[in-house]
Amino acid sequence: MRFLKPSDYLSLAFELGAAADYFASIHQEGLDFAIPDECVLFLEYQERENLFTEMMQIMNLPNTRILFMRVIRQIGGLHKEKYAILESMVNEAEINIATSKDDHSSLPLDQWHDPVRLKSDIMSLMPSGIYAGLPLIAQQDLVDAGECLANRQPTAAAPLLLRCVEATLREFHRCVTGETSQEKDWNTLENEIGLSIGTARWFIIGPLKNIRINHRNPTMHAEKRYNLEEAQRLFYQCIEILTRMTEILTLRNRPKGIA
């Protein structure tokens, strides 16, 4: 999996900020006694601490991880040090993003306007195997969106791209939770998925929230218009999250013993 995307670091930064008050609410004195509620609280505290340190390791934030672990050992200390932790994260994230290889983000932006690729070879703009793993309705929406982009109809392309992501999201939700996605809104699907995929939620939820808040919700209003570059960038974001969801399902369905 790839975690070197701005949305991943933003998600971690948001969660750290939200957790600052939580960690500050735990007091060592109370944890020293065998009070059942406090013991449960401490187990939850340890679980969150382990989650954050694991994610910082996965996301290649060694200096931030060391700083976080040093601060968190002083229970209640995270709140006043959170800005130093976030600054360290920003510095390391900028280096990671600048040096990471764009291994599947397809073509330079100017080549995305090639109507031939958009009309007849849309799979070439995606990592191998991703298109085939999409639900049939999502495949058709993606093809139709490519037609719109090829014909320079960006506002028409946007809702088709979002329909494609939502159809795939609902199938992803069904696969990872075992529950129906019918009658559930996008935000509810995000929340339920986040509870079902463990640490992989960092890989999925950030991009989904970004698309929902910045594109899906505004696009529901008729007055929202897209220019061609905006639609092309939305296309890239949608391909990214489609790829991530497919990768998660591929890992889950891979037979044991297969690396």
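Which residues line the second largest pocket? The pocket belongs to a predicted model, in which local features need pLDDT of at least 70 and side-chain atom pairs count only at pLDDT 80 or more, whereas totals for chains, interfaces and linings use all residues. Residues are numbered from 1 along each chain as its sequence is written, and side-chain values use heavy atoms, with hydrogens and water left out.

The lining consists of E15, A18, A19, E47, R48, L51, F52, R201 and W202. A pocket is here an open set of points on a 1 Å grid over the protein atoms alone, where a 1.4 Å probe fits, with protein on both sides within 12 Å along at least five of seven lines; lining residues have an atom within 4 Å of a point. Its volume is about 230 Å³, taken as the space filled by probe spheres set on the points, which are joined across faces, edges and corners. Two or more lining residues come from each of α1 (6-24), α3 (36-58) and α11, and α3 provides the largest share, 4 residues. Helices are DSSP runs (H or I, at least four residues), numbered from the N terminus.

Attention now turns to the interior. The largest nonpolar core has 46 residues, and those with the most contacts inside it are L134, L142, F172, I204, F235 and L242. Such a core is a set of buried Ala, Val, Leu, Ile, Met, Phe, Trp, Tyr and Cys residues joined through side-chain atoms within 4.5 Å; buried means under 20% relative accessible area and exposed over 50%, with partly exposed in between (1.4 Å probe, protein chains only). The elements giving two or more residues to this core are α8, α9 (154-177), α10 (186-196), α11 (201-219) and α12 (228-253). A second, separate core of 20 residues includes Y9, L51, M55 and M89.

Helix α8 covers residues 136-150, and its buried residues include L142, A145 and L149. Beyond four places in sequence, L142 touches residues including L134, L161 and F235 (contact: heavy atoms within 4.5 Å). Helix α9 is largely enclosed by the rest of the structure, because 17 of its 24 residues are buried.

The loops beside α9 hold two residues with positive phi. R152, in the loop between α8 and α9, has phi near 55° without being glycine; it counts as exposed because its relative accessibility is 57%. E183, in the loop between α9 and α10, is likewise not a glycine and has a phi of about 65°; its relative accessibility of 83% makes it exposed.

Conventions. The expected span of a helix is 1.5 Å times one less than its number of residues.
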